[in-house]
Amino acid sequence: MRIALLLAALVATPAAAQTATLTLQTGEWYQVFANDIERATGRSVRVDAASVVPGGLGRQFRQATVLLRKEGAYPRGTVFYTQRSVNCQAGRKMTHHWSAVAPNGAMIGDQIFASPVLEAVHWDSQDGKVLKFVCQGILPR
């Protein structure tokens, strides 16, 4: 059931959200965390390996996060697409664009940042481990 939800979110949702620049192209999405960690955090985080290119702060990439349970106003199955960049050596990150897509494919949020906020990376956090994967290519298992 969970695998079907992820496949549906990563394959079907981009077609429904053609207006978002983050979802126009699909590449090879890598599962960053092991299944037990995903169950514990209630979300599945994927990085589009084909999108990791020089740009932004150093490396620019696309990320998809699927909620495995309801979180606030967002229902289970909501997908958050983000376009981000990271400077691996300086430990800085930025988010350039995000969009949220409901389980039925409807766009429920979208924001492009004219001047993204530069933030420090906390390497031991869940987000820091995603950025470490982008920087080093090693999955945190």
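**Aromatic pairs and the surroundings of Val32**

At a relative accessibility of 17%, Phe80 counts as buried in this predicted model. Its partner in an aromatic pair is Tyr74, and the arrangement is edge-to-face, with 4.9 Å centre to centre and 80° between the planes. The angle falls in the edge-to-face class because it is over 60 degrees. Tyr74, at 29% relative accessibility, counts as partly exposed.

The structure holds three aromatic pairs. Another of them is formed by Tyr30 and Phe133, whose rings are tilted, with a centre-to-centre distance of 6.1 Å and 50° between the planes. This pair links distant parts of the chain, as Tyr30 belongs to strand S1 and Phe133 to helix H3 (residues 126-136), 103 residues apart. Tyr30 counts as partly exposed, with 33% relative accessibility. Phe133 has a relative accessible area of 9% and is therefore buried.

Phe133 also appears among the contacts of Val32. Val32 is located in the loop between strand S1 (29-31) and helix H2 (35-41). Its relative accessibility is 0%, so Val32 counts as buried. When neighbours within four places in sequence are left aside, the residues in contact with Val32 are Val45, Val47, Lys129, Val130, Phe133, Leu139, Pro140 and Arg141. For Val45, which lies 13 residues from Val32 along the chain, the separation of the C-alpha atoms is 5.9 Å.

Methods: Residues are numbered from 1 along each chain as its sequence is written. This is a predicted model: local features need pLDDT of at least 70, side-chain atom pairs count only at pLDDT 80 or more; totals for chains, interfaces and linings use all residues. Side-chain values use heavy atoms; hydrogens and water are left out. Helices (H or I, at least four residues) and strands (E, at least two) are DSSP runs, numbered from the N terminus. Buried means under 20% relative accessible area, exposed over 50%, partly exposed in between (1.4 Å probe, protein chains only). Contact means heavy atoms within 4.5 Å. Rings of Phe, Tyr and Trp (its six-membered ring) pair if their centres lie within 6.5 Å; planes under 30 degrees apart count as stacked, over 60 as edge-to-face and the rest as tilted.
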